[in-house]
Amino acid sequence: MGPPTRLTRSPRRRTWISLGVLCAAVAVAALSLSSAAKTPYAPEQPIDFSHRVHVGDDQLDCAVCHSAARRSAFAGIAPLERCIGCHKYVATGHPEVLKLRRLWDARKTISWVKVYELPAFVRFNHEAHSLAQIPCDTCHGDVGSMHRVRRVVDLTMGWCVQCHRDRGAPDDCVICHH
Ligand code: HEC
Ligand code: HEC
Ligand code: HEC
Ligand code: HEC
Ligand code: HEC
């Protein structure tokens, strides 16, 4: 009965080894990480863009600028071209819109400062949460009422895992860690 025992033992040992490697890698990555999430965080942006004006007053759907949130891992932010589509005609004399126009004419892009950001060793997926019918507000708060976007949750592992347990979503390490 020697060989069969080995056959069942070695894959399991391999699992433990790779789990150890995973934990070590994740721990090392965490050490080099200074952006430990603290709420609230509302960085200044290169263009003073207001969600309150666009979503609150003008009733634009989130998907006008973050359409990818429903069908891919990243929500993304609409390119300057989409902004100009309206701002060729709307608020053309506003100083921030003039700034926008100058960037566009110079064929530049805007480097928005991230408000929500996970360390590179964590995998997140917008589409999966969208399919599970979790509204944007659950994780981002009432963005439509904000002038400048403010982070409303601590992006800790405990926060993710707690909800996964509450809703019967998977909580194995490899779901979130590569
Ligand atoms: C569907 C049309 C539409 C799109 C797309 C759009 N805007 Fe606007 N934007 C508006 C309207 C309407 C206003 C309000 C104008 C007013 O009150 O006079 C506005 C106002 C603004 C202002 C003026 C300041 C303020 O807060 O009132 C800025 C700056 C601005 N938008 C930037 C952007 C940027 C950047 C994008 C692209 C990410 C964008 N807009 C996309 C319609 C749009
Ligand atoms: C007219 C375009 C537009 C619409 C509509 C819009 N957003 Fe945004 N959103 C932006 C732009 C531009 C930024 C980047 C600048 C900033 O953070 O304000 C942004 C940033 C964000 C961020 C922060 C991203 C990060 O981590 O840096 C969140 C969260 C967000 N939007 C959620 C929403 C939600 C939820 C809605 C609908 C209720 C919405 N947005 C509607 C243009 C838009
Ligand atoms: C379960 C929580 C959760 C939900 C629901 C959620 N988001 Fe996010 N969102 C996040 C996290 C976490 C990040 C940071 C991701 C990263 O850094 O990898 C993020 C990042 C973003 C960003 C920054 C750009 C990007 O793709 O990283 C935008 C914009 C955004 N979310 C918009 C939305 C919109 C719009 C909705 C609703 C359709 C939504 N989010 C639903 C958690 C969520
Ligand atoms: C408010 C509840 C909630 C929060 C907060 C939340 N999740 Fe989720 N997550 C879910 C649900 C529900 C699913 C869908 C599970 C399914 O399809 O069975 C899911 C799915 C996922 C998936 C896809 C799993 C697969 O099957 O491939 C990943 C990856 C994920 N979440 C990562 C995260 C991370 C990372 C965070 C924190 C930054 C987070 N989630 C925060 C509820 C949540
Ligand atoms: C639902 C998503 C999710 C699951 C499941 C998950 N993690 Fe995490 N983990 C995260 C997020 C998000 C972070 C980064 C934020 C933080 O450090 O709290 C993180 C950070 C870590 C860190 C960095 C140390 C620290 O606390 O900052 C380690 C180590 C870790 N995870 C190990 C694990 C192990 C081992 C498992 C399985 C038992 C696991 N994770 C399951 C989302 C998850």
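Q: Before looking at any loop, what counts as a helix here?

A: A helix is a DSSP run of at least four residues marked H or I, and helices are numbered from the N terminus. In this structure, which is a predicted model, Arg-107 is found in the loop between helix H5 (95-105) and H6.

Q: How many helices and strands does the protein have?

A: The secondary structure comes to nine helices and zero strands, and, read along the sequence, the protein follows the pattern α-α-α-α-α-α-α-α-α.

Q: What is there to notice about phi of Arg-107?

A: Phi of Arg-107 is near 55°, which is a positive value in a residue other than glycine.

Q: Is Arg-107 buried or exposed, and why?

A: A residue is called exposed if 12 or fewer other C-beta atoms lie within 10 Å of its own. Arg-107 is exposed because it has 7 other C-beta atoms within 10 Å.

Q: Where is Gln-133 found, and what is its phi?

A: Gln-133 is found in the loop between H6 and H7, and, although it is not a glycine, it has a positive phi of about 65°. The count of neighbours can be read here too: Gln-133 has 6 other C-beta atoms within 10 Å, and therefore it is exposed.

Q: What share of the residues of the protein count as buried?

A: For a residue to be buried, 20 or more other C-beta atoms must lie within 10 Å of its own. Of the 178 residues of the protein, 5% count as buried.

Q: How should contacts between residues be read along the sequence?

A: One takes the contacts between residues at least 6 apart in sequence and asks what part of them join residues at least 24 apart; in the protein, that part is 73%.

Q: Which residues are the closest to ligand 4, and how many surround it?

A: Ligand 4 is surrounded by 21 residues, and the closest are Ala-128, Ala-132, Cys-160, Cys-163 and Ala-169. Two or more residues of this shell come from each of helix H6 (126-131), helix H7 (136-140), helix H8 (157-166) and helix H9 (173-176), and H8 gives the most, with four residues. By kind, the shell around ligand 4 holds 15 nonpolar, four polar and two charged residues.

Q: What does the shell around ligand 2 look like when it is read in this way?

A: Around ligand 2 there are 21 residues, of which Cys-62, Cys-65, Val-115, Tyr-116 and Cys-136 are the closest. The elements that give two or more residues to this shell are helix H2 (51-57), helix H3 (63-66) and H7. The residues around ligand 2 divide into 14 nonpolar, six polar and one charged.

Note on methods:
Residues are numbered from 1 along each chain as its sequence is written. Chains are lettered from A and ligands numbered from 1 in the order in which they are written. This is a predicted model: local features need pLDDT of at least 70, side-chain atom pairs count only at pLDDT 80 or more; totals for chains, interfaces and linings use all residues. A residue is near a molecule or strand if its C-beta atom, placed from the backbone, lies within 6 Å of it. Ala, Val, Leu, Ile, Met, Phe, Trp, Tyr, Cys and Pro count as nonpolar, Asp, Glu, Lys and Arg as charged, and the others, Gly among them, as polar. Two residues are in contact if their C-beta atoms, placed from the backbone, lie within 7 Å.
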